[in-house]
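Student: I have a structure open and would like to learn how to read it. Where do we begin?

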Amino acid sequence: MKVSEVLKGVKHHVIYEVLISSISIDGEPDIAPMGLRFSEKFEEFTLHPFKSSKTYRNLVEVGEGVANITRDPRPFILGCIPRLKHELLKELEGSKLVKAPRLRGSEAYMEFRVKEVGEKSIDRAEMICEPVSVYLGDLRIEPYSRAVYALIEASVNASRVKVFLNRSKELLKILNRIHYAESIVRRTGGGSEYERLLNLLVKSVEEVLHGILSSQSNP
């Protein structure tokens, strides 16, 4: 089915945060949060993965992946915490038409092939992708909560910390965004599962920052 027939509410030229699952040529799966943007007729979409990421390497090597669509913030958080990512990898299962796995329990799936790989910037590639199968998964019904979307925003920024460790200006912007998202989660989801996930994310970011500071003080 076409993207517009399954994902009826999507708009072109809007960046949507999804989880891209991929697989290496050696059969090692991976999954990571990433933004995608549809073309005007939804026949293609664009990804801008960091060139240092496993997602980039896998998509270049194998040329296939799955965009897992969900509003659940949990996989976004686990997907950017290295020491907890194994929990998320256990939730991957076989897809319909591509080698890359899909994330069990997602609300929708878009299996795709990479058509073209170019350069977006020094750090990022630009990948033009073509959907080959789009279908619905498990419906998630939940009232709107700022905590959910703040958590996803925090995870997106947390995934960029390592990339910009040596660029103080960009790193400060990222940390400020995480701090702002943190304030929203604590205010609107204090004591909930969302705050627990936030604490895991904040701890992971602190560990990364502590590691780089320690290495600088002990050359």
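Tutor: We go from the overall fold to one helix and then to the charged pairs. Keep in mind that this is a predicted model.

Student: How many helices and strands does the protein have?

Tutor: There are seven helices and eight strands. The radius of gyration is 17 Å, close to the 17 Å that the globule rule gives for 219 residues, so the protein is as compact as a globular protein of that length. Along the principal axes, the C-alpha trace spans about 50 × 40 × 30 Å.

Student: What share of the residues is buried?

Tutor: A residue is called buried when its relative accessible area is under 20%. By that cut-off, buried residues make up 47% of the 219 in the protein. The accessible surface comes to about 11,700 Å², and carbon and sulfur atoms account for 52% of that area.

Student: Among contacts between residues at least 6 apart in sequence, what percentage joins residues at least 24 apart?

Tutor: The figure is 67% for this protein.

Student: Let us turn to one helix. Which residues of α2 are buried?

Tutor: They are T55, Y56, N58 and L59. The helix itself runs over residues 54–62. Its buried residues are covered by elements that include β1 (15–23), β2 (29–38), β3, β4 (64–69), β7 and β8 (125–136). After α2 comes G63, with a positive phi near 80 degrees.

Student: Take N58 in that helix. Is N58 buried or exposed?

Tutor: N58 has a relative accessible area of 6%, so it counts as buried. To see what surrounds N58, set aside residues up to four places away in sequence; the residues it touches are then S22, I23, S24, E28, D30 and G63. G63 thus appears twice, as a contact of N58 and as the residue that follows α2.

Student: Now the charges. How many positive and negative side chains are there?

Tutor: The protein has 33 positive and 30 negative side chains, and the centres of the two sets lie 3 Å apart. For pairs, look for salt bridges; a search of the whole structure finds 16.

Student: Which residue forms a salt bridge with K51?

Tutor: The partner is E119, with an N to O distance of 3.3 Å between the side chains. This pair links distant parts of the chain: K51 is in the loop between β3 (45–47) and α2, while E119 is in strand β7 (residues 108–119), 68 residues apart. To read the setting, check each partner separately. K51 is partly exposed at 27% relative accessible area, whereas E119 is exposed at 60%.

Student: Where do R186 and E182 lie?

Tutor: Both are in helix α6 (residues 168–189), four residues apart, which is about one turn of the helix. Their salt bridge has its closest N and O atoms 3.0 Å apart. R186 is partly exposed, with a relative accessibility of 32%. E182 has a relative accessible area of 18%, so it falls in the buried class.

Student: Which residues are joined into one network by salt bridges that share partners?

Tutor: D72, R140 and E142 form such a network. Within this network, R140 and E142 make a salt bridge whose closest N and O atoms are 2.7 Å apart. R140 is partly exposed, at 24% relative accessible area, and E142 is also partly exposed, at 34%.

Definitions and conventions. Residues are numbered from 1 along each chain as its sequence is written. This is a predicted model: local features need pLDDT of at least 70, side-chain atom pairs count only at pLDDT 80 or more; totals for chains, interfaces and linings use all residues. Side-chain values use heavy atoms; hydrogens and water are left out. Helices (H or I, at least four residues) and strands (E, at least two) are DSSP runs, numbered from the N terminus. Buried means under 20% relative accessible area, exposed over 50%, partly exposed in between (1.4 Å probe, protein chains only). Contact means heavy atoms within 4.5 Å. A salt bridge is a side-chain nitrogen of Lys or Arg within 4 Å of a carboxyl oxygen of Asp or Glu. The radius of gyration is taken over C-alpha atoms; the globule rule is 2.2 Å times the number of residues to the power 0.38. Accessible areas come from the Shrake-Rupley method with a 1.4 Å probe; for residues, only the protein chains shown count as cover. Lys and Arg count as positive and Asp and Glu as negative; His and the chain ends are not counted. The place of a charge is taken as NZ of Lys, CZ of Arg, CG of Asp or CD of Glu.
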